[in-house]
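Q: I have a two-chain model open and would like to talk it through with you. Could we start where the chains meet, and then work back into the fold?

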Amino acid sequence: MSHKKHKRQQTDHVEPDLPITPMLDMSFQLMAFFLLTFRPSPTEGQMALAIPNKDGGGVSIADPLEDEKAKEVIVTVRAGADGRIAKIEVGDISGTKNLGADLRAYQKALRDASDAALKTPSKKIGKLKLQIDKALLHEYVVQLIDIGVREKFTDISPEPLSEKKGEGG
Amino acid sequence: MSHGNLEKCEPNLTPMLDMVLQLVMFFMLCANFVMDQVNESIKLPEAIAARGLDIKDERLLFLNVDLNGKVLLSKLDAEDSLSLDNKIQVASYMKRRMQRDVAASPNPKAPVLSTIIIRGDHRARFEKINDVVEGIRSAGYKQVRIRAQIGDSR
């Protein structure tokens with residue numbers, strides 16, 4: 001009795017071969033698509049505003065324990081027919097200054113006001129009230145607020161200029 | 001000196017594929033990161049002092065105001081219409097928003113209010129922006145933020 005020796009056929013060990021080249025080609029296609037459609041958006045930020053109360057009073061109540069009440073700075077801005085700034089008046093308890101349409105002078109006036117407030121015992125910078133002509137473009141309103149924030153005013157309240165005050169100007 | 005067997009040299013494409021897929025994933029994520037609440041037709045004014053959003057702001061409401069004073073809402077925030085055409089519509093929308101904020105707050109006596117961000121077109125008149133602010137105020141909101149492009153310091 002002979003046993004046929006069934007030699008088990010041994011197959012050679014085959015490594016699976018994955019074609020990567022086409023996969024890479026497709027990846028490059030996808031990457032090219034997203035590169036061409038990628039649009040980075042400009043960086044945006046925000047500035048906080050305080051909404052005045054309906055009766056025109058301040059949002060915050062002055063602390064009666066403070067020795068010196070924080071000075072409020074009132075800025076009146078009038079616009080020309082094209083919506084640009086025509087006149088800026090800065091006023092506080094010491095008086096009103098007419099600055100023309102000069103934003104640098106406006107910035108200097110705010111800086112002087114904030115520096116004076118910081119020298120007081122309370123070291124508190126008061127409220128900045130912007131009375132703005134309704135025709136003024138939003139671009140200039142933002143510039144006015146921006147300068148106020150840069151000069152350390154934290155309580156900024158824009159409101160429309162009343163018609164009666166406009167006539168007196 | 002004998003020449004060895006010539007072996008076929010192939011660059012290893014696997015790491016290159018890995019890098020390419022990483023780049024693809026990056027651009028896919030950036031492309032999908034579209035702020036639906038931000039209307040790109042609104043051209044913002046510039047402000048140097050503008051700052052990025054606080055992480056603690058949980059609920060944000062973007063009001064995009066075009067140059068005609070029309071308020072454009074995102075699909076996420078819109079109700080019946082994607083726009084609010086006058087200050088009366090703005091006021092009533094904001095009042096409903098306030099009711100939702102109060103209802104959704106864990107403590108209705110101390111509600112967590114939405115942060116209102118106005119994205120006004122730089123060519124809009126102050127009157128139109130003020131109408132929107134009036135509508136926000138009539139609903140009881142106290143804090144509003146004005147959005148601007150962060151400008152270069154001069």
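A: Gladly, and bear in mind throughout that this is a predicted model. A good place to begin is Leu49(A), whose bridge partner in E6(B) is Val144(B).

Q: Which strand of chain A pairs with E6(B), and in what sense?

A: The partner is E1(A), which pairs with strand E6 (residues 143–150) of chain B in the antiparallel sense, over seven bridges. Along that pairing, Gly45(A) stands opposite Ala148(B) in E6(B).

Q: And within chain B, what pairs with E6(B)?

A: Strand E5 (residues 115–120) of chain B runs parallel to E6(B) and is joined to it by three bridges, while strand E1 (residues 46–47) of chain B pairs with E6(B), also in the parallel sense, over two bridges. In residue terms, Ile116(B) stands opposite Val144(B) in E6(B), and Ala47(B) has Ile150(B) of E6(B) as its bridge partner. Val144(B) is thus named on both sides, as the bridge partner of Leu49(A) and as the residue that Ile116(B) faces.

Q: Zooming out, how many residues are in contact between the two chains?

A: On the chain A side there are 37 residues, and they are in contact with 43 residues of chain B. Helix H1 (20–37), strand E1 (44–50) and H3 of chain A each supply at least two residues of the side of chain A that touches chain B, and the largest share, 11 residues, comes from H1(A).

Q: What's that side made of, by class?

A: The side of chain A that touches chain B has 24 nonpolar residues, with eight polar and five charged ones besides.

Q: OK, new topic: the fold of chain A. What's the order of elements?

A: Chain A has four helices and six strands, and from the N terminus on they run α-β-β-β-β-α-β-α-β-α. Of the contacts in chain A between residues at least 6 apart in sequence, 63% join residues at least 24 apart.

Q: Which strands make up the five-stranded sheet, and in what order?

A: The order is E4-E3-E2-E5-E6 of chain A, in an open sheet with mixed pairing. Its edge strands, which each pair on one side only, are strand E4 (95–98) and strand E6 (156–160) of chain A, and the twist from one strand to the next averages 20 degrees.

Q: How is E4(A) held to its neighbour?

A: E4(A) and strand E3 (residues 85–92) of chain A run antiparallel and are joined by four bridges, with Lys97(A) in E4(A) as the bridge partner of Val90(A).

Q: And which strands does H3(A) touch?

A: H3(A) packs on the sheet, where it touches strand E2 (73–79), E3, strand E5 (128–132) and E6 of chain A. The direction of H3(A) makes about 155 degrees with that of E6(A).

Q: I clicked on Leu144(A) there. Buried or exposed, and why?

A: Leu144(A), which lies in helix H3 of chain A, counts as buried because 23 other C-beta atoms are within 10 Å, and the cut-off for that class is 20 or more. Beyond its neighbours within four places in sequence, Leu144(A) is in contact with Val77(A) and Leu130(A).

Q: Which residues touch the most others in the largest nonpolar core?

A: That core has 54 residues, and Leu136(A), Val141(A), Ile118(B) and Val132(B) touch the most other members. Its largest share, six residues, comes from H3(A). As for Val132(B), its contacts, leaving aside neighbours within four places in sequence, are with Leu63(B), Val65(B), Val71(B), Val90(B) and Ile118(B).

Q: What share of chain A is buried?

A: Buried residues account for 26% of the 169 residues in chain A.

Q: Last topic, confidence. Where is chain A's pLDDT lowest and highest, by element?

A: Among the elements of chain A, helix H3 (residues 138–150) has the highest mean pLDDT, at 94, and helix H4 (residues 163–168) the lowest, at 50. Over residues 165–169 of chain A the pLDDT is below 50, and that stretch has seven contacts in the model beyond near neighbours in sequence. Residues 55–68 of chain A also stay under 50, with 17 contacts beyond four places in sequence. For chain A as a whole, the mean pLDDT is 80, and 76% of its residues reach 70 or more.

How values were computed: Residues numbered from 1 in each chain as written. Chains lettered and ligands numbered in written order. Predicted model: local features only at pLDDT ≥ 70, side-chain atom pairs only at ≥ 80, totals over all residues. Buried ≥ 20, exposed ≤ 12 C-beta atoms within 10 Å, placed from the backbone. pLDDT = per-residue confidence, 0-100. Core = buried A, V, L, I, M, F, W, Y, C linked by C-beta atoms within 7 Å. Nonpolar A, V, L, I, M, F, W, Y, C, P; charged D, E, K, R; others polar. Pairing = 2+ DSSP bridges. Axes fitted to C-alpha atoms, helices over the stretch in contact; angles between N-to-C directions.
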